[in-house]
Every structure is written in C-alpha cells, then in structure tokens.
Amino acid sequence: MNLTAPAAVAAFEAAFLDMLREGPGGFGAFESEARSVALASCAEAMSRALEARDRELAASRPKGLRVHSRRPSALATMCGDVRFRRTVLVDGAGLTRYPLDEELDLPAGDRVSPSARSFLATCGADVPFARTAELMAIAGGSPVSATTVMDSVRSAGEAVAGIERARARDLFRDGVAPRADSAAEEVLVEADGTWVRMRDGSMAEVKAVVAYAGKEEGRGVEPVRLGCVGEAPGDFRGRAVAQVGSRFDLARVERVRLGTDGEA
C-alpha cells in the first residue's frame with residue numbers, strides 16, 4: 001500500500017529543494033530541517049482534518065441533540081502537539097456528548113494520543129521516566145513530563161493486571177481455562193522474588209515467573225512471563241498459572257519442572 005499523498009509529496013519536494021538551494025550545511029542539517037518541517041506540517045494537517053471531521057459529525061448529528069459549544073483541545077502526539085476545536089453536543093436530558101471523541105475512541109479527558117501513550121509505556125518500562133520523555137522529544141513527539149511517562153506505565157500495567165486477574169478468576173472460580181496459542185507436553189517454570197524499598201520507606205517484594213517449553217541455544221522456547229509488586233503469594237500463583245495457560249494448553253501439559261527457592 002502506498003501511504004504517501006502525491007500532493008503533499010510534491011509540496012515537500014519543493015520546500016526541501018529550496019532548503020538545498022539555500023545551502024543547509026551538509027546532509028545532517030538538511031535532514032534535520034526537513035524532518036522538523038514534515039512533522040510540523042503533519043501536526044497542522046492533522047489539526048485541520050480533525051476540525052473538518054468534527055464539523056461533519058456535528059452537521060449530521062442525530063435528532064434531539066443540539067450544539068452547545070466548540071471547545072479547544074490539544075493532544076500530545078508522536079508528531080508534536082495537535083490542536084483543534086471539537087463540538088460539544090447536548091441531549092434533551094442535558095447530558096453532553098463529544099462526537100469526535102466517540103468516533104476516534106479517545107479516552108475522556110486524556111490529552112495524550114494512543115500512539116504516544118504506547119511509546120511512553122513501552123520505553124518507560126525499560127529506561128528512566130525523564131529519559132523516556134527526552135527520547136519522545138528526540139523522536140519528534142510532543143514534550144511531556146516524567147510524571148506523564150510514569151502515569152502511562154502505571155496505566156498499562158493496571159490494564160495488563162486486570163486481564164491477568166480475569167484469567168485467574170475464570171480458571172479457578174469458574175473452571176474456564178484460558179485460550180492458549182500453543183501446546184507443550186512439558187513446561188519448565190522458574191520463579192523468584194526480591195525485596196525492594198519503596199519511596200515511602202516500606203518494603204515490597206517484586207515477584208517474577210517465566211515458563212517455557214524447553215531451551216534452544218540456551219534460550220527458553222516460547223516463553224511467557226509475569227511480574228508484579230506487592231501481590232499476595234496465593235494471588236500471584238493463581239495469576240501465574242492462568243498466564244502460563246494463555247500460552248500452553250493446560251489440558252495437554254503432562255509434566256511441569258519447577259526451578260524455585262528450595263527446589264531440591
């Protein structure tokens with residue numbers, strides 16, 4: 001699929017050629033300036049498109065809804081800040097609706113785009129929060145705070161934990177095994193934990209488990225992992241078994257080998 005817009009490519013070509021004619025001082029400078037222009041243009045085009053679509057939705061609104069106001073909004077995105085005005089509709093009961101938010105599945109009150117949230121959560125899980133914010137800016141995204149990164153990581157973790165708890169509840173309370181994407185007769189499970197001091201001075205245990213179907217070249221085959229902080233041992237075990245069951249069909253597992261504290 002060709003994702004380029006011919007008219008936009010032609011406009012960028014002309015702008016970039018002017019940059020080259022002005023003598024940008026090497027390809028590095030040319031690339032940096034061209035990228036900045038492209039990202040700023042993308043953010044502006046997205047802003048205009050969002051406003052245009054919002055007007056279309058407002059014009060075709062269902063009967064019984066009236067336009068209350070148009071409010072300014074802004075999203076931190078991977079292309080920089082995207083600013084636009086969105087329509088607020090009101091029904092007969094006085095309840096408000098945001099047609100653009102509903103169509104685009106934008107969480108209420110969230111000022112960070114889904115793609116930017118995904119970047120912050122993925123990167124913030126591996127590097128310090130402040131550095132993650134810097135990396136997003138380097139990538140051309142909106143400037144955000146370390147707190148925004150922390151909130152993104154926490155929200156992602158809570159969403160994953162919710163899925164894991166639901167799987168454990170379905171398995172141990174209702175007897176419904178998770179839908180597995182593979183099968184293995186033997187599963188190797190390693191589990192461990194370590195105690196860390198929290199910011200408030202209290203201590204909490206970081207628990208981790210990994211399960212895999214044998215090893216190839218020293219690496220686990222089809223590994224599935226689970227980690228958490230402050231979870232009760234019984235709750236963690238239940239989540240771990242359910243998580244293993246989401247990878248390996250529990251009904252077809254014949255042997256489980258454990259590598260844990262006191263394994264002898």
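This section describes the strands, salt bridges and selected residues of a predicted model.

Three strands form an open sheet. Their order is S1-S2-S3, and the pairing is antiparallel. Strand S1 covers residues 66-77 and strand S3 covers residues 96-97. Both stand at the edges of the sheet. Each has a single partner strand, so one side of each is left without a neighbour in the sheet. Strand S2 spans residues 80-90. Two bridges join S2 to S3. Val90 stands opposite Thr96, which belongs to S3.

A salt bridge joins the side chains of Arg83 and Asp81, with an N to O distance of 3.2 Å. Arg83 counts as exposed, at 53% relative accessibility. Asp81 counts as partly exposed, at 34%.

A second set of pairings involves S4, S5 and S8. Strand S4 comprises residues 186-197, and strand S5 comprises residues 203-212. The two pair in the antiparallel sense over 10 bridges. Arg197 has Met203 in S5 as its bridge partner. S4 and S5 form a hairpin, with five residues between them. Gly201 lies in the turn and has a positive phi of about 95°. S5 also pairs with S8, again in the antiparallel sense. Six bridges connect S5 and S8. Ala211 has Val224 in S8 as its bridge partner.

Strand S8 runs over residues 224-229 and includes Val229. Val229 is partly exposed, because its relative accessible area is 48% and the class extends from 20% to 50%. Together with Val196 and Met198, Val229 forms a nonpolar patch on the surface. The accessible area of the three residues together is about 220 Å².

Arg257 lies in strand S9, residues 255-259. Arg257 counts as partly exposed, at 49% relative accessibility. Its side chain makes a polar contact of 2.8 Å with the side chain of Glu186. Beyond residues up to four places away in sequence, Arg257 touches Glu186, Val187, Leu188 and Val189. Arg257 and Arg225 are 32 residues apart along the chain. Their C-alpha atoms are separated by 16 Å.

The whole structure holds 17 salt bridges. One of them joins Glu103 to Arg53, with the closest N and O atoms 2.7 Å apart. This pair links distant parts of the chain. Glu103 is in helix H3, whereas Arg53 is in helix H2, residues 27-59. The two residues are 50 residues apart. Glu103 is partly exposed, with a relative accessible area of 37%. Arg53 is also partly exposed, at 33%. Arg53 and Glu103 are linked with Glu56 in a network of salt bridges.

Glu164 forms a salt bridge with Arg239. The closest N and O atoms of this pair are 2.4 Å apart. Glu164 lies in helix H6 and Arg239 in helix H7, so the pair ties together parts that are 75 residues apart in sequence. Helix H6 spans residues 146-172, and helix H7 spans residues 233-245. Both partners fall under the 20% limit for buried residues. Glu164 counts as buried at 6% relative accessibility, and Arg239 is buried at 4%. The two side chains are also joined by a polar contact of 2.4 Å. With residues up to four places away in sequence left out, Glu164 touches Leu226, Arg239 and Gln243.

Two loop residues other than glycine have a positive phi. For Asp105, phi is near 55°. Asp105 lies in the loop between helix H3, residues 99-104, and helix H4, residues 114-124. Asp105 is exposed, because its relative accessible area of 64% is over the 50% limit. For Glu222, phi is near 50°. Glu222 is found in the loop between strand S7, residues 219-220, and S8. Glu222 is partly exposed, with a relative accessible area of 38%.

Conventions:
Residues numbered from 1 in each chain as written. Predicted model: local features only at pLDDT ≥ 70, side-chain atom pairs only at ≥ 80, totals over all residues. Heavy atoms only, no water. Patch = residues over 30% accessible without salt bridge, like charges linked within 9 Å, V, L, I, M, F, W, Y side chains within 5 Å. Areas by Shrake-Rupley, 256 points an atom, 1.4 Å probe, with all protein chains shown as cover. Salt bridge = Lys/Arg side-chain N within 4 Å of Asp/Glu carboxyl O. Helix = DSSP H or I, 4+ residues; strand = E, 2+ residues; numbered from the N terminus. Buried < 20%, exposed > 50% of the residue type's maximum accessible area, 1.4 Å probe, protein only. Polar contact = N/O pair within 3.5 Å; in protein donor to acceptor, adjacent residues only side chain to side chain. Contact = heavy atoms within 4.5 Å. Pairing = 2+ DSSP bridges.
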